[in-house]
Amino acid sequence: MVAIVGAGPAGIYAAEALSQQTDIPVEIAVIDRIPVPFGLVRYGVAPDHHSIRSIRNTLERTLEKSNVRFYGDVTIGADLSIAELRESVDAVIYAYGAGTDRRLEIPGEHLRGSFAAFELVAWYCGNPDVHPDPDQSRIGDHLVATEIDELITSSQHAVVVGIGNVALDVARILIKSVDQLTDTDMPEEVLESLSRKTITDVHVLGRRGPAYTAFTTKELREMGQIDGVDVIVDPADLELDPSSQAVVQQNKVAARNLVVLQEWAARPLSGVSRRITFHFWSRPTMIIGNDRVTAVEVERTMIDSDGLVVGIGGPQRLAADLLVRSVGYRGLPLAEVPFDERTARVPHAEGRVIRDGGFSPDEYVTGWIKRGPTGVIGTNKSDAVETVTSLLADVHDGAVKPHGRSGQLDRLLTQRGIRALGMSAWHRIDAAEVELGTKHGRLRTTLAHRRELLAAAEGRQVADVAGGQRPE
Ligand code: NAP
C-alpha cells in the first residue's frame, strides 16, 4: 500500500499515476486532515473561476477508483505520526503543499488590516481553518471569518502587494460587487459579508516593471472585463528600459501581458465608482497606522546591475485601510519529515526524499512541497508522474521493500478511535451543499464550518448559517 499525505491536486494526480499502471498492483490511501478532498481546487482556486474548479470532477473520478481510498479528517503528525504511517504502508508520498505565506518583512506588517492573501482566499473559498466552529480554538494564527468581515466592511482602499495570479484573484474578489459573485459556490455567510463590503479602490503594487509580471494573460485580461470597474494603468509605467525590452522579446507571456496593460493605459476611464489601479516599479516600505492600517509608504524601484530590486525615490503615501500581501506561498515543515529551511521544501531528487544525506527507502514527495509554490494546477500532473516513476522504478529495483501488512493502516486508525471520512461521506457533503445552494437559488453553497461538514457527512441536517440574511 502507498499512502499519500494530502488530497489536493498534487496528491490525487499521484494517486492517478499509481492507479493507472498495471505493472505493480497497488492499493492507494489518500489522506487529508480536512474532512473533504481536493485541496487547493476547493480551497484555493477562485470561486468565480468555474472551469478551473471543474477539475474537481476529474480528481473525484480518481478517488472513486477501486484501488484508491480517501481518508478525510485524519491528521498525519497528530492522529498518526510519520513513523507509524511509514510502518503501516510500503511507501509514503508527501503532497501536503505550502501551508503558509511569505511575508514582506517591513515595519507595520503586524497592524490590523494587514494580512496574507492566503487568509482571504481561505475565507472566500470556505476553508474551515478560517471559519472555526463557536467552540473551536483558533487554528494557527490566521485571521478568522469575523475579523475578515469586520475589515472588509470598514474599508474603502485596499492595497494588494504582488503581481502574480493570487494577487489578481484577491483584487478581483475585493472589487467585484456581490451580484457578480452569486453564481459561485462561496459560503452564504461570505456572500453576506461581501454584500456589506465598502471597498471602492484596489491598488495592485508590483516591485518590478510590467515586463516582469507573474500573471497569466487570461487572468490579467479578465480584470478589464468586470462591469462597473475601471482599470487604471499609468502609461509612463509601461515605457520599457533595455532589459525590460529584452525580457518582453524572449517571454511570450510577458509580451501578451504588456499588450493588455497598454490597451488599458490607452482606454478612457468610464468614471464608474470602483477602480483597480496597477502601480509598477513600486514597493511598500512601511505600513502606517496606530492600531489599524491607514496608509502605506511606497517607494519607486528599479533593477540594479546585479538584477536586484532597489529603491530610488519617494516614498509616497498611499491611503489604505487594508494591505493584503500576495507575495507567494511558503512550505511548512511536518514533524519527522526532512525539510530544507532555505527553500521551504522537502529535499529530494526526482521525487525521492533525501533523509540524512541519502535516499529514504520509502518516502517520496510531489507538488508544492516538492518544487515550491509555482505553476498551475496541471503542473502537478507531470510533477506527480515524475515522482511515481521514481517510486515504481525503486520497487522494480528492490529499493522499496514491501513491509506494510494489509489492513494495518485501518487497524491503527480504529485502535486510536479515529474515523476517517471516505468518498461516501464526501458524496453526502456534496449533496448537502447542492441542496443548500438550491435553497438560495444557486448551484451549490460551500459548507465552511467543520461541524457542518461533519453533520452533512453523517447525513444529518445542516443548519442554514446566515441563510436568508443576504439582500437579494
Ligand atoms: P507568484 O506567481 O510567485 O507571484 C508572487 C508575486 O509576489 C511576484 O509578482 C513577486 O514579484 C512578488 N513578490 C515576492 N516577494 C515580494 C516582496 N517582498 N515585495 C513585493 N513583491 C514581492 O505567486 P502567487 O501569485 O502566490 O501564485 C502561486 C502559484 O499559483 C503561481 O504559480 C500562480 O500562477 C498559481 N496560481 C494560478 C492561478 C490561475 O491559473 N488562475 C490562480 C492563482 C494562483 P517578483 O517577481 O519581483 O519576485
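Which residue of β18 does Ile354 stand opposite? In this predicted model, the partner of Ile354 is Phe359. The pair offers a convenient way into the fold, and the sheets are taken up before the ligand site.

Strand β17, covering residues 352–355, and strand β18, covering residues 358–365, run antiparallel and are joined by three bridges. Both strands belong to an open sheet of seven strands, whose order is β3-β2-β1-β4-β18-β17-β16. The pairing within this sheet is mixed. Its edges are formed by β3 (68–72) and β16 (348–349), each of which pairs on one side only. Towards the β3 end of that order, a helix joins the picture: α15, residues 408–416, lies across β2 (28–32) and β3. The direction of α15 makes an angle of about 20 degrees with β3.

A further open sheet contains six strands, arranged as β6-β14-β7-β8-β10-β9, and here the pairing is parallel. The strands that pair on one side only are β6 (114–116) and β9 (229–233), which form the edges. From one strand to the next, the twist averages 20 degrees. At the β6 edge, three bridges connect β6 with β14 (residues 322–325), and the two strands run parallel. Within this pair, Phe115 has Val324 of β14 as its bridge partner. Helix α6, made up of residues 117–125, lies across these two strands, β6 and β14. It runs at about 70 degrees to β6.

Strands β11, β12 and β13 can be followed through two successive hairpins. Strand β11 (residues 282–288) and strand β12 (residues 295–303) are antiparallel, with six bridges between them. One of the paired positions brings together Ile288 and Ala295, the latter in β12. The hairpin formed by β11 and β12 has six residues between the strands, and Gly289 in the turn shows a positive phi of about 155 degrees. Strand β12 also pairs with β13 (residues 309–319), again in the antiparallel sense, over eight bridges. Here Thr301 has Gly311 in β13 as its bridge partner. Five residues lie between the strands of the hairpin of β12 and β13, where Gly307 adopts a positive phi near 85 degrees.

Attention now turns to the ligand. There are 24 residues around the ligand, and those that come nearest are Ile163, Asn165, Arg207, Arg208 and Gly375. By residue class, the shell divides into 11 nonpolar, eight polar and five charged members. Helix α8 (residues 165–175) supplies the largest share of this shell, namely three residues.

Which parts of the protein make polar approaches to the ligand, including that of Arg207? A polar side-chain atom of Arg207 is placed 2.7 Å from a ligand oxygen atom. The backbone takes part as well, with a polar backbone atom of Val166 at 3.1 Å from an oxygen atom of the ligand. On the nitrogen side, an N or O atom in the side chain of Glu219 lies 3.2 Å from a nitrogen atom of the ligand. The ligand has 910 Å² of accessible area on its own, and the protein covers 82% of that area.

Methods. Residues are numbered from 1 along each chain as its sequence is written. This is a predicted model: local features need pLDDT of at least 70, side-chain atom pairs count only at pLDDT 80 or more; totals for chains, interfaces and linings use all residues. Side-chain values use heavy atoms; hydrogens and water are left out. A residue is near a molecule or strand if one of its heavy atoms lies within 4 Å of it. A polar contact is a pair of N or O atoms within 3.5 Å; within protein, one must be able to donate a hydrogen and the other to accept it, and residues adjacent in sequence count only if both atoms are side-chain atoms. Accessible areas come from the Shrake-Rupley method with a 1.4 Å probe; for residues, only the protein chains shown count as cover. Helices (H or I, at least four residues) and strands (E, at least two) are DSSP runs, numbered from the N terminus. Ala, Val, Leu, Ile, Met, Phe, Trp, Tyr, Cys and Pro count as nonpolar, Asp, Glu, Lys and Arg as charged, and the others, Gly among them, as polar. Two strands pair if DSSP finds at least two bridges between them. Contact means heavy atoms within 4.5 Å. Axes are lines fitted to C-alpha atoms, for helices over the stretch in contact, and angles run from 0 to 180 degrees between N-to-C directions.
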